[in-house]
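Open the model in your viewer and keep the selection panel at hand. The tour moves from one selection to the next and says what is there.

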Amino acid sequence: MISSTPVQPRSLERSSSEKRAVDAAIDRALDSRSTSTRFCLSIDVEEYFHAEVFARSVSKESWETRQCRAAPFVERIAAMLAETGNRATFFVLGWCVPRMRSLLRDIAAAGHEIACHGQMHDHLSRMTPTTLTADLRRARGVIEDTLGCRTIGYRAPTFSITRKTAWALDVLLETGFEYDASIFPIRHDRYGVPDAPLGPFRAIAPSGRSIVEFPPMVRRIGPLRLPVGGGGYLRLLPGAIVARALRHCAAQEAPAMLYLHPWELDPDQPRLPLRRMAQWRHRVNLHTTERKLGDLLKRFRFDTAARVLAGVPVTKCFKL
Ligand SMILES: [Zn+2]
């Protein structure tokens, strides 16, 4: 449990009584669903060209000149959440904040959580404690100053907190974050801690201090760990497999974390040069994401990471 009081965005446009009414209406809608377990849906708010697969071919200097395409898809996700009475956590890249200021303010005012995805989307293997500290302070500053909400959660670009970058947990603690959602408990070429717990746990940093960790959903099948919690896995797998994994979690009253990116709803995004396999991984089934997301939002109850974590005891500890 990270906090007894959920994060309350300081809306620039709504009174506190209006916000309480919005929250109460969403709570009533969530409580009317058939399962009592609330899952977390998280959206990493970034442009398609921020994806790690383009880190070598798309320079940061060129970002300014590229067409930003994410906002309408972020807006579409927010509308789908409103239509189904769900809440979500938006891990926002600081670079994107000035480019979708009023949309993100509306999202915060609608009761969703605004969390931090860093400023410049660097994989942590290319960073140091000093550069990460600067990146986090810059991102958090732009998010909180522009949107008027407090951020307590962080997701590293490309889930890049691993055993080699465990030092980042100490940086998060020193910069005042209360939870992290960056550790993928699988084996993968770009990320992963293959023996990390599958549900929320306390990640013990090299200093011995700990921070609450909320990993993406992974299904254990015999000796295998199958990632089913979003992104390319959500696009690749039939929706029924993801729904079955959520029903399995619901039966155990276990919280689960799903994630996706706005560019995963955009099949018409420009085709940047990539090797064939990388191109396939980035683009597979982009046209299916919206339909699969819509189905899950209707069938299950989703809330913010901060609220889900506030409702579960997090006692398991795991040292990276
Ligand atoms: Zn990202």
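Which residues does Ala88 touch, not counting residues up to four places away in sequence? Select Ala88 together with Leu41, Ser42, Ile43, Leu81, His112, Phe302 and Thr304, which are the residues that Ala88 touches under that exclusion. Two residues are in contact if their C-beta atoms, placed from the backbone, lie within 7 Å.

Before going further, two notes on the model. Residue numbers start from 1 along each chain as its sequence is written. The model is predicted: local features need pLDDT of at least 70, side-chain atom pairs count only at pLDDT 80 or more, and totals for chains, interfaces and linings use all residues.

**Ala88 and the whole chain**

Stay on Ala88, which sits in the loop between α2 and β2 (89-92). Helices (H or I, at least four residues) and strands (E, at least two) are DSSP runs, numbered from the N terminus. Ala88 counts as buried because it has 26 C-beta neighbours inside 10 Å. A residue is buried if 20 or more other C-beta atoms lie within 10 Å of its own, exposed if 12 or fewer, and partly exposed in between, with C-beta atoms placed from the backbone. Now add Leu258: its C-alpha atom is separated by 9.8 Å from that of Ala88, although the two are 170 residues apart along the chain.

Zoom out to the protein chain. It has ten helices and twelve strands, and 44% of its 320 residues are buried. Of the contacts with a separation of 6 or more, 79% join residues 24 or more positions apart.

**The core**

Select Cys40, Val45, Phe90, Val92, Ile114 and Ala305. These have the most contacts inside the largest nonpolar core, which has 85 residues. Such a core is a set of buried Ala, Val, Leu, Ile, Met, Phe, Trp, Tyr and Cys residues joined through C-beta atoms within 7 Å. Helix α4 (residues 129-147) gives the most to this core, with six residues. Centre on Ala305 next: leaving aside residues up to four places away in sequence, Ala305 touches Cys40, Ser42, Thr89, Glu113, Ala115, Gly153, Tyr179, Ala181 and Phe214.

**Around α9**

Show helix α2 (residues 70-84) and α9, which pack at an angle of about 25 degrees with their axes 9 Å apart. Axes are lines fitted to C-alpha atoms, for helices over the stretch in contact, and angles run from 0 to 180 degrees between N-to-C directions. The angle makes α2 roughly parallel to α9; angles under 35 degrees count as roughly parallel, over 145 as roughly antiparallel, 65 to 115 as roughly perpendicular and the rest as oblique. To see the contact, select Met80, Leu81 and Thr84 of α2 with Leu293, Gly294, Leu297 and Lys298 of α9. By class, the contact of α2 with α9 has four nonpolar, two polar and one charged residues. Here Ala, Val, Leu, Ile, Met, Phe, Trp, Tyr, Cys and Pro count as nonpolar, Asp, Glu, Lys and Arg as charged, and the others, Gly among them, as polar.

Keep α9 (residues 289-299) and swap α2 for helix α7 (residues 239-251): α7 and α9 pack at about 30 degrees, with axes 10 Å apart. They are therefore roughly parallel to each other. Gly239, Val242 and Ala243 in α7 meet Lys292, Asp295, Leu296 and Arg299 in α9. The contact of α7 with α9 has three nonpolar, one polar and three charged residues.

Still in α9, pick Glu290. Glu290 is partly exposed, with 18 other C-beta atoms within 10 Å. Its C-alpha lies 9.0 Å from that of Arg76, and the two are 214 residues apart in sequence.

**α4 and α5**

Move to α4 and helix α5 (residues 167-174), whose axes are 10 Å apart at an angle of about 40 degrees. That makes α4 oblique to α5. The contact is made by Pro129, Leu132, Thr133 and Leu136 of α4 with Trp167, Ala168 and Val171 of α5. It has six nonpolar, one polar and no charged residues.

**Two positive phi values**

Most residues other than glycine have a negative phi. Select His121, in the loop between β3 (113-116) and α4: it is not a glycine, yet has a positive phi of about 60 degrees. His121 counts as buried, with 26 C-beta neighbours inside 10 Å.

Finish at Asn285, in the loop between α8 (276-283) and α9. Phi of Asn285 is positive, near 55 degrees, and the residue counts as partly exposed, with 14 C-beta neighbours inside 10 Å.
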